[in-house]
Amino acid sequence: MFVEERKQRILNILKQKEKVSVNELSSLFSVSKVIIRKDLCNMEEEDLLTRTHGGAIFKKKLVDKIVLKDIAKEDLAEKTELAEKVVSVIKENDVIFLDDSTVTILVAALLQKKKMKLTVITNMLGIQKILSENKSIEVISLGGIYDSRTDSFIGEMARQNLERFNPNKVFIGTCGINVDRMQLSASTIDEGKFKNTALKIGKETYILAQNKKFFQDYLYNFSEIKNGMTIITDKNISHDIETKLLDSDVKIMK
């Protein structure tokens, strides 16, 4: 049997059983334990499994599937930069809220890899699934009516449940930012009301927005841009927009 064929069979076994021992594989393939350990070592380097004492366990690819499904490829690099800035302000033992956006799901993917004790409140199902892989992170789901368009729970039940919590940091995406009127907008009324509630309960509030969002207005204005808010954006923000926000005591991370 060729090495690659054996490795594929090992992977198939792990997909079915989720774990396997060196002894089992050595007996199954009639090869030495040294060879099996070498196979497992190579497969771990290829990010196919995680070695354990005496064997290996299947490495789930949940994050990759969700991220690739939900994020437009042309925006991935830019959104990843925003997500990295978000993670840089999250500290050990924080209680945070992440809303439903393509940036926050990337934030979740980055947090999943960190050894950090956190409590994360979210209405997005994808974020809940991703963070469930990290046992040091407590995930609180808000429940409500499931919206497949945004992979999130919305409506009055979700909003009322959110009101019960006291996160010290809130991170929300926005569809549009009108700096002339100092307004944040959302695509639906329900979405806007939910985001407005999130802003009210957070001690520190962060708005996540690519530069293009400063030139868009959507259906429902859900909040004024208030002093003390922090807008996390990219380095392409115009000087005039940045100056107006800073003059209004709005912080900018770029």
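Trainee: In this predicted model, is Tyr220 buried, exposed or partly exposed?

Mentor: Tyr220 lies in strand E13, and its contacts beyond four places in sequence include Leu184, Ser185, Ala186 and Thr188. Since the class is partly exposed when the relative accessible area falls between 20% and 50%, what decides the matter is the value computed for this residue. For Tyr220 the relative accessible area is 26%, so the residue is partly exposed.

Trainee: How far apart in space, C-alpha to C-alpha, are Tyr220 and Lys193?

Mentor: Lys193 is one of the residues that Tyr220 touches, along with Ile189 and Gly192. The two residues stand 27 places apart in sequence, and the distance between their C-alpha atoms is 9.0 Å.

Trainee: Which strands stand at the edges of the sheet that contains E10, E11 and E13?

Mentor: The sheet is open, with 3 strands in the order E10-E11-E13 and antiparallel pairing. Each edge strand has a single partner strand, so one side of it is left without a neighbour in the sheet. From one strand to the next, the twist averages 30°. The strands at the edges are E10 (176–178) and E13 (220–224).

Trainee: Over how many bridges do E10 and E11 pair?

Mentor: Strand E11 covers residues 183–186, and its pairing with E10 is in the antiparallel sense. Within these strands, Gly176 stands opposite Ser185 of E11. The number of bridges between E10 and E11 is 3.

Trainee: Is Gln183, which is found in strand E11, buried or exposed?

Mentor: Leaving aside neighbours within four places in sequence, Gln183 is in contact with Gly176, Ile177 and Asn178, and also with Asn221, Ser223, Glu224 and Ile225. The relative accessibility of Gln183 is 18%, and because the cut-off is under 20%, Gln183 counts as buried.

Trainee: Which strands of the sheet does helix H9 touch?

Mentor: Helix H9, made of residues 189–201, packs on the sheet, and its direction makes about 10° with that of E13. The strands that H9 touches are E11 and E13.

Trainee: At roughly what angle do the axes of H8 and H9 cross?

Mentor: Helix H8 spans residues 155–163, and its axis comes within 9 Å of the axis of H9. The crossing angle makes H8 roughly parallel to H9. On the H8 side the contact is made by Ala158, Arg159, Leu162 and Glu163, and on the H9 side by Lys193, Phe194, Thr197, Ala198 and Ile201, which divide into 5 nonpolar, 1 polar and 3 charged residues. The axes cross at roughly 0°.

Trainee: How many of the 11 residues of helix H6 are buried?

Mentor: Helix H6 consists of residues 102–112, and among its buried residues are Val103, Ile105, Leu106 and Gln112. The helix is largely enclosed by the rest of the structure, because the number of its residues that are buried is 9.

Trainee: What is the relative accessibility of Asp151, a residue with a positive phi?

Mentor: Most residues other than glycine have a negative phi. Asp151, which is not a glycine, has a phi of about 55° and lies in the loop between strand E7 (145–147) and strand E8 (152–154). Asp151 counts as buried, with a relative accessibility of 14%.

Trainee: Is Ser30, another residue with a positive phi, buried or exposed?

Mentor: The phi of Ser30 is near 55°, and the residue lies in the loop between helix H2 (22–29) and helix H3 (33–45). With a relative accessible area of 66%, Ser30 is exposed.

Key:
Residues are numbered from 1 along each chain as its sequence is written. This is a predicted model: local features need pLDDT of at least 70, side-chain atom pairs count only at pLDDT 80 or more; totals for chains, interfaces and linings use all residues. Side-chain values use heavy atoms; hydrogens and water are left out. Axes are lines fitted to C-alpha atoms, for helices over the stretch in contact, and angles run from 0 to 180 degrees between N-to-C directions. Helices (H or I, at least four residues) and strands (E, at least two) are DSSP runs, numbered from the N terminus. Angles under 35 degrees count as roughly parallel, over 145 as roughly antiparallel, 65 to 115 as roughly perpendicular and the rest as oblique. Contact means heavy atoms within 4.5 Å. Ala, Val, Leu, Ile, Met, Phe, Trp, Tyr, Cys and Pro count as nonpolar, Asp, Glu, Lys and Arg as charged, and the others, Gly among them, as polar. Two strands pair if DSSP finds at least two bridges between them. Buried means under 20% relative accessible area, exposed over 50%, partly exposed in between (1.4 Å probe, protein chains only).
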